[in-house]
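Reader: I am new to this structure and should like to be guided through it step by step. Please begin once it is on display.

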Amino acid sequence: MDFTLKHTATGSKARAGTLNTDHGRIETPIFMPVGTAGSVKGIHKKDLKEDIGAQIILGNTYHLYLRPGMDIIERAGGLHKFNGWDGPILTDSGGYQVFSLGAMRKLSEEGARFQSHIDGSRHLFTPESVIDIQRIIGADIMMAFDECTPGDADFDYAKKSLQLTQRWLERCVNQMQKTKPLYGHSQSLFPIVQGAVYPELREQAARHVTTIPADGYAIGGLSVGESEADMYAMIEVVNPILPIDKPRYLMGVGTPVNILEAIDRGVDMFDCVMPTRNGRNGMLFTRNGVINIRNKKWADDFSPVDPDGTSFVDQNYTKAFLRHLIVANEMLGAQIASHHNLAFYLWLVKEARRQILADNFKSWKEEMVVKLAQRL
């Protein structure tokens, strides 16, 4: 995998680049739709690629490990063959999901013991086993196993957590070196920068990961309860330390405004469940602001879902009809809203890239963040 930096915008750290993988090229900045269980909820792969414009999707190690299990995925020939997606795939290590289990998990030097949220069965993730699982899944980009530190963690906890993550990272790298890809395409490992909201720890973490040669680096442990100001501040601490010629991935973030602010600070890659999760609940993101389609005001609005939208759902359905579907809890409503939101997110990062290359990003972004924050 290789990354080429094309341009950095004047007056900003916003970057446009190209990331080449064995499953295709990715133009950055990029948003990656989340396919937790191997599929992006409610979206056909044809629509995902041809209408929404997704260039890379995510799979999740924790969920795929539990169901359908590694035996099925390996017999299928990896996740690409199993789900039929022929573009690049990134897998989360499962660290965040284990973190979210709370009392159902216990961390130690060895790894993370946890109970399945499905049937209560007991399992152990170690840095080594997580690498082996991601080898079986066959992701183009694999994430190192880490502890996702809570946003409200005190300094001592955050420091110990970071030190554990750093030791686990060394074991992940060793396991990568001992193993080989299973399906004939290359795989890359991204280390993850942790450190909660403490600049000293974030700086230590960033310097540590740069001692490990990698094809890219991730910033984790943000958007987990801390303020937006703290999130932006931590990005500003980390990005100047990370290599300029490698992609930077901000994990699990976020709103359209969050994404533009992070691009402005030098982030290249994003993922978040918000487009689909919020869409299922009737929230639509548009370039003019946010729509709660459940509101009564849309009940007799027969205009297109989004006159400015890039997707076929935007022009072929009305707000009134979509509201009816969402309120009636019809499956199609969730699909339309999810499809629209994903198409909007992909439009947003594509337009950001265009503005970066035109050297107009900073002024465009300042106008956009005002519009995007509005409630319509």
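**Questions on the model**

Author: The model is predicted. Ser223 has a relative accessible area of 39% and is therefore partly exposed, as the value lies between the cut-offs of 20% and 50%.

Reader: Where does Ser223 lie?

Author: Ser223 has a positive phi of about 60°, although it is not a glycine. Its place in the chain is the loop between strand S13 (217-219) and H9.

Reader: Is Asp359 buried, partly exposed or exposed?

Author: Asp359, too, is not a glycine and has a positive phi, of about 60°. It is found in the loop between H14 and helix H15 (361-372). Its relative accessibility is 36%, which is over 20% but not over 50%, so Asp359 counts as partly exposed.

Reader: How are helices H9 and H10 oriented to each other?

Author: Two packed helices are described by the angle between their axes and the distance between the axes. For H9 (residues 228-238) and H10 (residues 256-264), the axes are 10 Å apart and the angle is about 25°. Angles under 35 degrees count as roughly parallel, and therefore H9 is, relative to H10, roughly parallel.

Reader: Which residues of H10 make the contact with H9?

Author: H9 passes H10 in a right-handed crossing. On the side of H9, the contact is made by Glu228, Met231, Tyr232 and Ile235. By class, the contact has 5 nonpolar, 1 polar and 2 charged residues. On the side of H10, the residues are Val257, Asn258, Glu261 and Ala262.

Reader: How are H13 and H14 oriented to each other?

Author: Helix H13 (residues 319-327) packs with H14 at an angle of about 125°, and their axes are 7 Å apart. This angle is outside the range of 65 to 115 degrees and is not over 145, so H13 is, relative to H14, oblique.

Reader: How many nonpolar residues does the contact of H13 with H14 have?

Author: The crossing of H13 and H14 is left-handed. Leu322, Leu325 and Ile326 of H13 meet Leu332, Gly333, Ala334, Ile336 and Ala337 of H14. Of these, 1 is polar and none is charged; the nonpolar residues number 7.

Reader: Which helix gives the most to the largest nonpolar core?

Author: In soluble globular proteins, nonpolar side chains tend to be buried together. The largest nonpolar core here has 103 residues, and those with the most contacts inside it are Tyr249 and Ile263. The helix that gives the most, with 10 residues, is H14 (residues 331-357).

Reader: How many residues are in the other core?

Author: This core lies apart from the largest one. Its members include Leu325, Ile326, Ile336 and Ala337. Its number of residues is 11.

Reader: Is Phe270 buried or exposed?

Author: Phe270 belongs to strand S15 (residues 269-271). Beyond its neighbours within four places in sequence, Phe270 is in contact with residues including Ile30, Phe31, Tyr249, Ala262 and Ile263. Its relative accessible area is 0%, which is under 20%, so Phe270 is buried.

Reader: What is the omega of the peptide bond from Thr28 to Pro29?

Author: Pro29 is among the residues that Ile263 touches. Pro29 lies in the loop between strand S3 (24-28) and strand S4 (30-32). The peptide bond from Thr28 to Pro29 is cis, with omega near 5°.

Reader: Which residue does a cis peptide bond join to Val253?

Author: The residue lies in the loop between strand S14 (248-250) and H10. The bond has an omega of about 5°, and the residue joined to Val253 is Gly254.

Conventions: Residues are numbered from 1 along each chain as its sequence is written. This is a predicted model: local features need pLDDT of at least 70, side-chain atom pairs count only at pLDDT 80 or more; totals for chains, interfaces and linings use all residues. Side-chain values use heavy atoms; hydrogens and water are left out. A nonpolar core is a set of buried Ala, Val, Leu, Ile, Met, Phe, Trp, Tyr and Cys residues joined through side-chain atoms within 4.5 Å. Buried means under 20% relative accessible area, exposed over 50%, partly exposed in between (1.4 Å probe, protein chains only). Helices (H or I, at least four residues) and strands (E, at least two) are DSSP runs, numbered from the N terminus. Contact means heavy atoms within 4.5 Å. Axes are lines fitted to C-alpha atoms, for helices over the stretch in contact, and angles run from 0 to 180 degrees between N-to-C directions. A crossing is left-handed if the near helix is turned anticlockwise from the far one by less than a right angle, and right-handed if clockwise. Ala, Val, Leu, Ile, Met, Phe, Trp, Tyr, Cys and Pro count as nonpolar, Asp, Glu, Lys and Arg as charged, and the others, Gly among them, as polar.
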